[in-house]
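Please walk me through this model in the viewer. Tell me what to select at each stop and what I will find there.

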Amino acid sequence: MSDTLVDFDEVLTRYEPVIGLETHVELGTESKMFCGCSTTFGAEPNTQTCPVCLGLPGSLPVVNAEAIESTIRIGLALGCRIASWSRFARKNYFYPDIPKGFQTSQYDEPLCTAGHLDIELDGETYRVEIERVHIEEDTGKNLHVGGSTGRIHGADHSLVDYNRAGIPLVEIVTRPIPGAGAKAPELARAYVTELREILLALGVSEVRMEQGNLRSDVNTSLAPIGSLDWGTRTETKNVNSLRSVERSVRFEMRRQAAVLDAGERVVQETRHFHEDTGSTSSGRSKEEATDYRYFPEPDLVPIAPDEEWIEGLRAALPELPAARRARLKQEWGLSDTEMAWIVNAGALGLVSDTVAAGATPADARKWWLGELARRANDSGVELTELPVTPQQVAELAGLVTAGTVNDQLARQALDGVLAGEGGPAAVVESRGLAVMGDSDELVAAVEAAIEGNPDVADKVRGGKVQAIGALVGAVMKTTRGKADAATVKRMLEERLVSS
Amino acid sequence: MTTTENITSSSAADLSQALQAGELSSVEVTRAYLDRIAATDGTIGAYLHVDADAALEAAGAVDAARARGEELGPLAGVPMALKDVVVTEGVPTTSGSKILEGWRPPYDATLAARLKAAGTVLLGKTNMDEFAMGSSTENSAYKVTRNPWDTDRIPGGSSGGSSAAVAAGLAPWAIGTDTGGSIRQPAAVTGLVGHKPTYGSVSRYGLIAFSSSLDQAGPMTRTVLDAALLHEAVAGHDPLDSTSIDSPVPVLAESARRGAEGDLAGLRVGVVTELGGDGHTDGYEPGVLARVAEAVALLEGMGAEVRQVSCPAFDLALPAYYLIAPSEASSNLARFDGVRYGLRAGDDGSRDLDEVMALTREQGFGPEVKRRIILGTYALSSGYYDAYYGQAQKVRTLITRDFTSAWDDVDVLVSPTSPTVAWTLGSRVDDPIAMYAADLCTLPASLAGVPAISVPCGLSDGLPVGFQIMAPALADDRCYRVAAALEAAQDAARGHALLAGIATTGIATKENAPS
Amino acid sequence: MEFHRSMSTPSPKGQLTRDEVAHLAHLSRLAVSDEELDLFAGQLAAVLDAVAQVGKADVADVTPTTHAVPMTNVMRPDVARPSLPRDVVLAGAPAAEDDRFRVPRILGEEA
């Protein structure tokens, strides 16, 4: 991995990047694309297979209706034209994880074509054109045994599990995306992020990237600035995190610039992304690629959605993320920037759910982008992975509003919630975090502070009212923060300042 | 019907009646066939797998159910044979190939399940050209099958094991599959009735695929009525086959019975010029053409209106077929890679997966299969697709159009089933083109997906000649009606069924020949 | 991704060379012998010569046929059904290990 790299900013002084993405999404159907086997993740190897998805002689595929509808719904959400005539095709090649010796996919007659997705990035809108959305089947999984790293190279042999074989897979292909310049890596990431939001809103996939539900092949090319032609592209395969999408584009731009600077040609090839180093390495050269010998799948009949079917699906589409953001921004009275912070923090759903649970938009935003974001960051997890629900956050905000706790006590209550001690109210109760009222204990603490600090008390009595802060601090210290500072101040004033 | 000889020469319909009437038990019938298989199949070579114990057990179960007074279907207890392309749960299934030697499938083909549910008794699995590629059954990886009429001759193919079994009295009837003629041509050269149903009317689920857009299973029987009965038993929509037609099972046996009454008044019959007609007799044996002409005359005598019909695109059926079928086969046979089932060769630790796959397929497939895989791979290749596979699919449309315009003028089209009678074993093995010519007449119906039946129409040089009747899609009943009329008229004229003549020819004289 | 087939002209009829047959055999994962290559090259050239006749047909405005009875939208409801037991699944395997199908080492890239 001794690629020469050009500094990123320097790349942009000489080259214009063009990116493109092919994103594979495993649908969340109950059964596989062409048979009734379950799609549950994490089952014991080869327990979710049958004659069809094992490719046993004589078996035949039957299309999963839900998978077709999900594909059409994705197409509709991306503004695609839905084909009135669509067919499956066989993509023929030999590999142990494809049980039939071909992958059933779509070729020149995909279900959806010609859509687009608008991506907001730093106040600018980029229109990403969608070339096509088609449906195919996933492959099985190879496990490489005997090599030092579990990788294919150096392995002694491999083991195949067909549980994943035949799970419906939607492929979303963009047209080449020029014009993003320095923003190309971020745009690639923002596109996948937005696509993921749409898929979640549609409910067609769990889109768990760590389980491989969503994987992107990222195409990158560079052309000299001012050139009329686009450069030769590379395709970085199976990039499976948002961060990696961005890093892979960044790396390829820097690597390709070095190749071009040296007067060499970029090789059109597939590349692999390495999480640990943030780099890519060469795979098979596309110029030697297999001839896939596509032809229409004779075991399946065409899918021909009629207007009624398509319009029915269109009418049932949920509110899409962009529309939802616009609506919530207005409802919450936020600026573009404030809204962008929420979205970029991945907190839109959490804030929205917290508001729905009774918190004010301001409180919900404050908690999720403040204290909770800090804690997620400290423990290196996503906001959504924190063990606290929007309902609990709303409850906590409510306790503050009611004066039951102050901000500091609320943070202690949150500690308890995150530690699994129960809901906010329960933690306040069990940890005894409630603000002290005008209680005997507080009166005693106030009087002890006056007695213990006679000099300060005298100053206050003598008219130096601002000195009262030291007494408030003393009370807060003895009550370990449980007192309400404003109450303490009032009680001290009652005793020291003649009205 | 008490002697073994009677049982093994009677029609399945008669056996069914005798079983229902209690004149025979299923065990008696089954044992009679098993005995004859034991005595004769060493010569004929019809079966790849026979499990006598399992057959007798199944027969006994039917007899017991009948004794208990259970409601049984008409076919209960009648034995049958399945071409080895049909997947049978727990029963070895090879499709005639070494690459599947020893494979015991974990599931039943839909038609096998239907025949099981109907109470039929599986005698065994019949020999075939490897993956159904061939017209003589000589491409079987396992054994030679001989024509019972003359054991030096081929039984046709690819369903040659089924044709030989039924003709030789080793099964009352059998299932074959037909991709370009593999039911009709072997039926023709062994004196049987064989019907290729409308594409989509019999489920393909569990038939080891050769060419998916052409494959159809159908009956191979001694009589037209038997064919109709067996066809009805396996036909009908199957949700496991996406190309299966969702419409009621056609009434076929009734059409056969009506047809046998011999009244064809008003039936319009078209004789296809391009299939052995004027100017198209090259490669056709005069004896075949003579028998076919006599059959046409018989139809006319029963009231049919006969005219010549030209279907010019039929001339291109052979090249179109030999592009489409190998193309689809090259893809269908890709799953035989030695990973999940079947043969694996050369896995000694020294070779990588690609090498093991290539060696497995090299050793597991015979020459004809390899030829077709290579041809099909070529025809689907980028740059050649449009000129070959794409063009062939369009030619298919032209052939369909010829049929469609013919149906404006006629109800059925007729032709010889095959240009020749059974040829001698080995005479065409090294000449694929000559072998392919045997399918000349059967290919148009395959490519258009329309139903076609072959019914015996006499002998030429002592060997059976087949008469083909083609009908519009879903009008399989017309095939049965016309075939039954012809069969009845010929049997009446002859004084006995054609198959009865077999006793005095091949099998009887060569029964004790070393196999 | 390229979605249009190249329109290069096929070899003249009957010109399937020995090298082309070798390439096709490799593409088809058939480890054919030299003798077979010689045999197949000759036979396939003759077959190709015969099948090339399809090129004679005038197919302007002709759509390809795939099914005798045109059908569309054949689908099944999204309902999970029992799978095969794993011992049955692996019973036919030429080699198995750790409940998976075992294959020799794979050269080439990870798919």
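**Stop one: a helix pair in chain A**

Helices α8(A) and α10(A) lie oblique to each other, because their crossing angle falls in neither the parallel, antiparallel nor perpendicular range. Keep in mind that this is a predicted model.

Select residues 348-356 of chain A for α8, then add residues 390-401 of chain A for α10. The two axes come within 8 Å. They cross at roughly 55 degrees. Look at the handedness next: α8(A) passes α10(A) in a right-handed crossing.

Now show side chains at the contact. From α8(A), pick Leu350(A), Asp353(A) and Thr354(A). From α10(A), pick Pro390(A), Val393(A) and Ala394(A). Colour these contact residues by type: four are nonpolar, one is polar and one is charged.

**Stop two: a covered strand in chain B**

Move to chain B and select residues 412-416, strand β9. Is this strand mostly covered or mostly open? β9(B) is mostly covered, with five of its five residues buried.

Next, bring in β7(B), residues 268-272. β7(B) and β9(B) run parallel, joined by three bridges. Zoom in on Val414(B) in β9(B): Val271(B) stands opposite.

Then add β11(B), residues 463-470. How do β9(B) and β11(B) pair, parallel or antiparallel? The pairing is antiparallel, over four bridges. Stay on Val414(B): its bridge partner in β11(B) is Ile469(B).

Finish with Val271(B), Val414(B) and Ile469(B) shown together. Val414(B) faces Val271(B) across one pairing and is bridged to Ile469(B) in the other.

How values were computed:
Residues are numbered from 1 along each chain as its sequence is written. Chains are lettered from A and ligands numbered from 1 in the order in which they are written. This is a predicted model: local features need pLDDT of at least 70, side-chain atom pairs count only at pLDDT 80 or more; totals for chains, interfaces and linings use all residues. Side-chain values use heavy atoms; hydrogens and water are left out. Axes are lines fitted to C-alpha atoms, for helices over the stretch in contact, and angles run from 0 to 180 degrees between N-to-C directions. Helices (H or I, at least four residues) and strands (E, at least two) are DSSP runs, numbered from the N terminus. Angles under 35 degrees count as roughly parallel, over 145 as roughly antiparallel, 65 to 115 as roughly perpendicular and the rest as oblique. A crossing is left-handed if the near helix is turned anticlockwise from the far one by less than a right angle, and right-handed if clockwise. Contact means heavy atoms within 4.5 Å. Ala, Val, Leu, Ile, Met, Phe, Trp, Tyr, Cys and Pro count as nonpolar, Asp, Glu, Lys and Arg as charged, and the others, Gly among them, as polar. Buried means under 20% relative accessible area, exposed over 50%, partly exposed in between (1.4 Å probe, protein chains only). Two strands pair if DSSP finds at least two bridges between them.
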